[in-house]
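Here are a few notes for your first look at this structure. Please keep the 3D view open as you read.

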Amino acid sequence: MESRNDGNIEALPPSTMTDMQTNHHPLPLPLAKERSDDAQHERYVYVSPDIDKTAFDDLNIRNIDNADHRAEPGEIFDRFVSAICVVSDEYLDQNAAVVSEWLGSLFSRELLFIILSKTERSVDSFLGVHRELIYLVIPATTPKSYLRQFVENGYREMFLRFDRLGYQTRLELSLQDMRRITRIGQLLSTEKDFEVLIETILREVMVVVGADAGSIYVTEPYKGERPEFLRFKKSALQLSASEFLLPVDSTSIAGYVASSGLPLMIPDCYALPETEPYSFNREYDQQHHYYTRSMLVIPMKNYRNEIIGVIQLINKRLETNRPLTYEEMGAGEVGKFRVVDMDKASAVAGQAAVAIENNRLIRSIHNLFEGFVRASVTAIEQRDPTTSGHSFRVAEYTVGLAQTVDRVSSGPFSLLKFTPEQIREVRYASLLHDFGKVGVREKVLVKAKKLYPDQLSEIRWRFRFARKSLEYTYARKKLAYLKHEGAVAYRDYERFMDQELSQKLEELQGMLQIVELSNEPNVVDGSTVSQIEQIALSGVTIEDGSTVPFLTHNELLSLQVRRGNLDQVERLEIESHVTHTYRFLVQIPWTGDLRNVPDIAYGHHEKLDGTGYPLGLNQREILPQTRMMTIADIFDALTAPDRPYKKSLNVESALDILGKEAKEGHIDADLLKIFIEAKIYEVVKDSALL
Ligand SMILES: [Fe+2]
Ligand SMILES: [Fe+2]
């Protein structure tokens, strides 16, 4: 059985017609029959009863009202008849209604009338026959030999019309193909998801050539001159099939095409000549209850002529819209791919190669940038090992929250939607939000107490010196007394002096204890502050008679901090990390879809009531993405593993504190609600980041 759609006519499936629908060619299908198909192309002469038939003896003669060739339902396109109708004008005039009905029911659309008339008449004077169907009106007295010649000429005229319409149809159809291929190019160039891209390529190329099934392979990255492996990506029969590798060599059909770089057209895979180097793997057919008969295999090449992949198209359909049946395939009743299919598939493959290569390049740029961001964040977090993993966790929480917000269908955020690019934007902003800590001195960054360790150590040495100095003074006094007063009186003196010394040493020890206690980053009371001030006024006298105070001015200021462990200067320095982050991020030439990264990160210490830093923005001025990040940032700071200066809180306590922050108008209460209800805080649990 031959395909009805041989040649260039292809009825496109409804799902793919879109813009072409209005241009779909309305010509009857028989026009596309190949002229060489003579068996289907019978010639008839329909003659009215009053005409001498002997002139057409060698032709198929039928009476004009003969019912033999009336159309049966479903038959209309199956056969094709060329007919010349030779009728008298009298017959036409008398049987106009019969002829008209007969014409309407005849399945042939290719016929012309030769009318024999006794008088001179115009073509419009014959009722029942449209003027376009009238080829000639000739005298009723025309000799038989001439009449025979006119019939032959009529056939020729009909074939010329046929050819002209056929070419026109083909031209219009190739324009349709071009439009379709252009559209596929546009479709492929805008698809960002690699898996969807691969699926789209396969689906579109199958439609273009009318293939019943197909598979697509892409080359594995390679270092040498040629790819070594093809990766099976998708099969139209089983879209979820797992991927596998195929060597690029002559053992398989796809491998052969990838290694030769040439397309392959196989009429029947079950009848491959033994001389071919490749063989057909029947296992696939057996597994999928399928028969692979005809095959068209096209290499996808980039502009450097390198193989990017292979498209394997299987079994040309007999009718574009109808899948082949197992019986048809088993019996080999399957269309054959033609050169025109190869041309069309190659055109799509060229576009597919460009799209795949672009997609790969974009992915490698993403990977490169991703690697750079991760390395930068890791480097910055190594300056303060106790906060290690913070940025990665904040990114996980923020992305989790943004994705949830994207899904909510009610409440104040029901209209807020995020594209995958915007999610990526939030992720980068979160990963890099604290990058500006690079501009904060490390000792400030890791400062755990009010004093730096070297400051405390120096203070301890001062007290140690003071103790030794006292002991020395008292020892000298006792020695002098012993020399002058003798051993007997010395005993009482010694006891007295020792008591006095130990009292003074205890005082010193007490002062040092107050210093060490005040050094903790707790809230300190007023009396402790005044004690510290007293200590700062005391000191130890050194050899030259000058006094070194126990606490320097800066040390005193640090110990006077009433809350936390940072003084004003240090606090500002820490806070400056946000500005450093922003300055760093605006230097990066972000692509359009990531342009908000600097702004999102810049606001992560702002508060909705305007009391945050560095800009003191209010609720309306803080981006929702930033508000999400702030919640994630605080939550992680509270629950992160113990730091030297801060105990880790459990989830409930952290959420309590966040609740208070929301109540006080610092963070977004609605977003916090989603954070809690959707248990976003659990997203990091399974992650290796903790
Ligand atoms: Fe921060
Ligand atoms: Fe942070």
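The numbered points below go through a sheet, the helices on it and some backbone details.

1. Start with the status of the model. It is a predicted one.

2. Now find the sheet. Six strands build it, and it is open. Their order is β8-β7-β6-β11-β10-β9, with antiparallel pairing. The edges belong to β8 (244-247) and β9 (264-266). Each has a single partner strand, so one side of each lacks a neighbour in the sheet. On average, neighbouring strands are turned by 25° against each other, direction ignored.

3. Look at β10 and β11 next. Strand β10 covers residues 295-301, and strand β11 covers residues 307-316. Seven bridges pair them in the antiparallel sense. To check the register, find Met300: Gly309 in β11 stands opposite.

4. Two helices deserve a look here. Helix α4 (residues 194-209) packs on the sheet. The strands that α4 touches are β6 (211-219), β7 (229-235), β10 and β11. The direction of α4 makes about 140° with that of β6. Helix α8 (residues 339-382) also packs on the sheet, touching β6, β9, β10 and β11. The direction of α8 makes about 35° with that of β10.

5. Move on to the β8 end of the strand order. Five bridges pair β6 with β7, in the antiparallel sense. Thr219 stands opposite Leu230 in β7. Strands β7 and β8 run antiparallel too, joined by four bridges. There, Arg231 faces its opposite residue, Leu245 in β8.

6. Some backbone angles need a comment. Most residues other than glycine have a negative phi, and most peptide bonds are trans. Which residues does the cis peptide bond join? They are Tyr613 and Pro614, and omega is about 5°. Pro614 lies in the loop between α16 (597-602) and α17 (624-639).

7. Check Asn315 as well. Its phi is positive, near 55°, and the residue is not a glycine. Asn315 is in strand β11. Is Asn315 buried or exposed? Asn315 has 26 other C-beta atoms within 10 Å. The cut-off for buried is 20 or more, so Asn315 counts as buried.

8. Finish with Lys679. Phi of Lys679 is also positive, about 50°, although Lys679 is not a glycine. Lys679 sits in the segment after α19 (669-677). Why is Lys679 called exposed? Because Lys679 has 12 other C-beta atoms within 10 Å, and exposed means 12 or fewer.

How values were computed:
Residues are numbered from 1 along each chain as its sequence is written. Chains are lettered from A and ligands numbered from 1 in the order in which they are written. This is a predicted model: local features need pLDDT of at least 70, side-chain atom pairs count only at pLDDT 80 or more; totals for chains, interfaces and linings use all residues. Two strands pair if DSSP finds at least two bridges between them. Axes are lines fitted to C-alpha atoms, for helices over the stretch in contact, and angles run from 0 to 180 degrees between N-to-C directions. Two residues are in contact if their C-beta atoms, placed from the backbone, lie within 7 Å.
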